[in-house]
Amino acid sequence: MFDRVRNVSGSRTPVRPGDPTGWSGVRGKRVLVTGGTRGLGEQIVRLLAAEGARVATCARGAGDLAALAASLDSPLFTRALDVTEPERLEEFVAAMANRFGGLDGVVACAGGSRGGRFEETDAEDWAATWEVNVGHAARLVRAAVPHLRAAGGGSVVVISSISGWKPGPPVQYGVAKSAQIQLAASLARELGPDGIRVNAVSPGSMLIPGRRWDRMRREDSEAYAGFVATELPSGAPVAPEEVARVVAFLLSDWSSGISGAHLPVDRAQNAPSPDGY
Ligand SMILES: NC(=O)c1ccc[n+]([C@@H]2O[C@H](COP(=O)([O-])OP(=O)(O)OC[C@H]3O[C@@H](n4cnc5c(N)ncnc54)[C@H](OP(=O)(O)O)[C@@H]3O)[C@@H](O)[C@H]2O)c1
């Protein structure tokens with residue numbers, strides 16, 4: 001009598017009580033990460049590469065891609081492109097699968113927000129914010145599905161945000177991040193029969209060099225200290241490295257039981273911004 005679990009490569013592995021777990025992390029997995037040159041995406045790329053995955057990433061800045069590739073011990077497949085250009089993204093997915101002989105996972109990490117507060121934000125800001133978050137994630141998965149299916153299954157991780165499930169400005173960003181959570185939950189059901197798992201990860205505020213919270217910490221330390229005291233119960237924002245570990249777990253076979261989930265990784269952060277609730 002033993003249970004059988006399906007791993008993300010589609011094979012069925014007998015599991016007996018007391019058996020070694022066979023934990024291999026992400027070793028050998030072929031994974032494409034969008035937006036891998038800075039912030040969370042960079043940490044995901046570095047962790048996956050260090051753990052023996054075969055990794056591809058894209059960003060608009062060719063110089064940053066070259067510098068990242070040069071800093072790694074293993075080869076990194078890169079393409080300078082804007083993820084909001086559908087044909088370029090689709091071509092990159094196909095090229096990556098061709099180069100690596102298949103695909104086991106994708107991470108929709110590129111994202112961001114355009115415009116300001118509600119009354120300062122126009123229709124173009126709304127559309128641009130939607131495209132870089134939801135549009136790109138949907139097209140990435142659409143392009144990856146045939147390759148994941150051919151591999152017998154796979155894992156998709158969509159990087160949403162604490163702003164996707166807790167209210168706070170800018171609203172166009174929160175609405176797009178919220179849609180990403182729904183995207184993952186819905187696709188998990190639709191793609192489940194093919195052994196493709198889809199999950200959303202929502203980081204809390206992260207200190208990314210040069211980005212919003214890092215600038216606030218350097219330029220208005222009093223306001224930053226107030227934000228930490230009010231909204232961050234652990235006394236510090238979650239680190240991108242901590243979020244990257246959760247993403248790696250979701251790409252690994254050990255998370256075979258998780259699909260359609262929304263995982264906050266935010267150290268129990270309260271509101272997503274100093275505006276509170
Ligand atoms: N930072 C936070 O506190 C925080 C909190 C919760 C969730 N998130 C989410 O986590 C993800 C990563 O955020 P981050 O702050 O780490 O990002 P970041 O520092 O702004 O880095 C974004 C990465 O994506 C690339 N990128 C941005 N727009 C792109 C585009 N249109 N096409 C191709 N590549 C693009 C950037 O390179 P190029 O500029 O060269 O293109 C860079 O590699 C995003 O989805 C964000 O919404 C962030």
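Here are some questions and answers about this predicted model.

Q: How many helices and strands are there in the chain?
A: Let's start with the parts list for this predicted model. Counting both kinds of element, the chain has 8 helices and 9 strands.

Q: What radius of gyration does the chain have, and why does it agree with a compact globule?
A: Along its principal axes, the C-alpha trace spans about 60 × 40 × 35 Å. A compact globule of 277 residues would have a radius of gyration near 19 Å, so the chain agrees with that, at 19 Å.

Q: How many residues surround the ligand?
A: The space that the ligand takes is the largest pocket. Around the ligand, the closest residues are T37, L40, R60, C109 and Y173. By class, the shell has 13 nonpolar, 11 polar and 5 charged residues. The full count of residues surrounding the ligand is 29.

Q: Which elements give two or more residues to the shell around the ligand?
A: Remember that the ligand takes up the space of the largest pocket. Two helices fit the bill here: α1, covering 39-50, and α5, covering 171-191.

Q: What percentage of the ligand's exposed area does the protein bury?
A: Look at the polar side chains first. A nitrogen atom of the ligand is 2.9 Å from an N or O atom in the side chain of D82, while ligand oxygen atoms lie 3.0 Å from a polar side-chain atom of K177 and 3.1 Å from an N or O atom in the side chain of R211. Taken alone, the ligand exposes 880 Å², and the protein buries 92%.

Q: Where is P170, which is joined to P169 by a cis peptide bond?
A: Most peptide bonds are trans. The bond between P169 and P170 is cis, with omega at about 0°. As for its place in the chain, P170 lies in the loop between β7 (154-159) and α5.

Q: What is the phi of R267, which is not a glycine?
A: Most residues other than glycine have a negative phi. You'll find R267 in the segment after β9 (262-265). R267 goes the other way, with a positive phi of about 50°.

How values were computed: Residues numbered from 1 in each chain as written. Predicted model: local features only at pLDDT ≥ 70, side-chain atom pairs only at ≥ 80, totals over all residues. Heavy atoms only, no water. Near = heavy atom within 4 Å. Polar contact = N/O pair within 3.5 Å; in protein donor to acceptor, adjacent residues only side chain to side chain. Areas by Shrake-Rupley, 256 points an atom, 1.4 Å probe, with all protein chains shown as cover. 1 Å grid on protein atoms, 1.4 Å probe; cavity = no way out; pocket = protein on both sides within 12 Å on 5 of 7 lines; lining within 4 Å. Sits in = over half its atoms within 2 Å of the grid points. Helix = DSSP H or I, 4+ residues; strand = E, 2+ residues; numbered from the N terminus. Nonpolar A, V, L, I, M, F, W, Y, C, P; charged D, E, K, R; others polar. Rg over C-alpha atoms; globule rule 2.2 N^0.38 Å.
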